[in-house]
Amino acid sequence: MQLNYSFIIPVYNRPEEIQELLDSLAALRTANKFEVVIVEDGSSKPSKAIVDDFKDRLNISYYFKENSGPGDSRNYGMKRAQGNYFIILDSDCILPENYLIEVHNELINEYADCFGGPDEAHESFTNLQKAINFSMTSFITTGGIRGHSNSVNKFQPRSFNMGLSKAAFEASNGFGSIHPGEDPDLSIRLWKLGYQTKFIPRAVVYHKRRVSWGKFYKQVQKFGLVRPILNQWHPSTKSITYWFPTFFVSGFVLGLLFLFIGYKWFILLYMVYFIVAFIIALATTKSLVVSFWSMVAIGVQFVGYGYGFLKSTIALHFFNKDPKTYFPDLFFNKV
């Protein structure tokens with residue numbers, strides 16, 4: 001099968017991110033021709049001028065549409081792409097120069113209609129970005145579900161670094177209107193259609209998350225809100241592991257109460273966990289500062305996700321709330 005690649009990149013009010021991403025695309029070492037499709041999702045700060053600057057270096061096209069969310073924007077781009085295999089990226093990613101070589105070699109050797117790759121922190125990232133990257137990708141925090149070969153669950157590619165064949169896109173109709181959560185929803189629907197997903201460990205991107213602590217908390221809380229909805233839509237994917245952040249935070253609060261009445265053993269378990277996490281962070285990041293902030297990031301992630309997961313579970317399963325009505329901020333209207 002001849003693979004013709006189209007990079008699909010939605011962007012919303014972040015022209016500076018597109019500049020960095022396009023620079024890395026222009027620097028790719030590959031014998032494969034590829035195109036780049038930029039979909040401006042109703043931005044008030046458009047990136048067209050930056051895209052135009054790359055027309056002599058990249059086979060690139062630019063589309064502007066009204067705001068309908070990243071999932072629908074990716075669908076919009078895939079419908080207009082010329083290739084037969086789409087590579088979907090977030091605008092805050094940077095590619096190493098061997099990225100497409102690794103993807104192509106893997107697909108030629110063992111083809112799959114959908115793949116995902118890991119994200120790492122570039123040495124130029126801030127300490128906050130490196131800390132959040134550790135919290136989001138480490139096996140000790142997420143169990144590897146966001147991109148590790150030893151993932152505890154069947155791998156669900158994430159749309160910041162995701163490949164999808166044209167055939168699989170047309171069969172599945174692409175991403176749904178939920179956000180976040182549109183990427184695992186698509187993966188699960190692809191499995192039901194008989195398509196396979198795979199993890200390509202060498203298809204690394206540098207995911208330059210531009211977030212503050214407040215934005216990070218809101219992001220992970222939304223992840224928590226979404227998961228019970230996905231479990232309701234796809235009951236076969238339910239797992240006790242999704243409860244871990246809620247149990248973790250609840251147990252920590254319980255441990256503090258026990259400590260107050262003189263029982264120290266429970267809180268000592270949490271001390272052991274964070275000591276182990278700190279050692280792993282230090283071995284991974286090689287920085288005491290980043291390792292310290294990584295512990296803060298773990299706390300923010302567990303509290304945000306755990307609260308969101310519990311809130312959504314109670315709303316859906318105890319009060320029978322309709323997700324789209326009760327959590328309207330998690331859904332976009334398609335154009």
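Which residues line the second largest cavity? I put this to a predicted model.

**Entry 1: the cavity**

I searched the whole structure and found two cavities of 30 Å³ or more. I looked up the second largest cavity, which holds about 40 Å³ of space. Its lining consists of S68, G69, P70, G71, D72, G176, S177, I178, H179, E182 and F332. I then asked which element gives the most to this lining. Helix α3, residues 70-80, does so with three residues. I sorted the lining by residue class as well: three residues are nonpolar, six polar and two charged.

**Entry 2: K208**

I moved on to K208. I placed K208 in the loop between β10 (205-207) and α9 (213-233). Is K208 buried or exposed? K208 counts as buried because its relative accessibility is 13%, and the cut-off for buried is under 20%. I checked what the side chain of K208 meets, and noted a polar contact with the side chain of E20 at 3.0 Å. Leaving out residues up to four places away in sequence, I listed E20, D92, I94, F125 and Q129 as the residues that K208 touches. E20 therefore appears both in the polar contact and in this list, with the burial of K208 noted above.

**Entry 3: E123**

Last, I looked at E123. E123 sits in the loop between β7 (119-120) and α5 (127-137). I read a relative accessible area of 71% for E123, so I logged E123 as exposed. How far apart are E123 and T285 in space? I got 9.4 Å from C-alpha to C-alpha, with their positions 162 residues apart in sequence numbering.

Terms used. Residues are numbered from 1 along each chain as its sequence is written. This is a predicted model: local features need pLDDT of at least 70, side-chain atom pairs count only at pLDDT 80 or more; totals for chains, interfaces and linings use all residues. Side-chain values use heavy atoms; hydrogens and water are left out. On a 1 Å grid over the protein atoms alone, a cavity is a set of points where a 1.4 Å probe fits but cannot get out, and a pocket is an open set with protein on both sides within 12 Å along at least five of seven lines; lining residues have an atom within 4 Å of a point. Grid points are joined across faces, edges and corners, and a volume is the space filled by probe spheres set on the points. Helices (H or I, at least four residues) and strands (E, at least two) are DSSP runs, numbered from the N terminus. Ala, Val, Leu, Ile, Met, Phe, Trp, Tyr, Cys and Pro count as nonpolar, Asp, Glu, Lys and Arg as charged, and the others, Gly among them, as polar. Buried means under 20% relative accessible area, exposed over 50%, partly exposed in between (1.4 Å probe, protein chains only). A polar contact is a pair of N or O atoms within 3.5 Å; within protein, one must be able to donate a hydrogen and the other to accept it, and residues adjacent in sequence count only if both atoms are side-chain atoms. Contact means heavy atoms within 4.5 Å.
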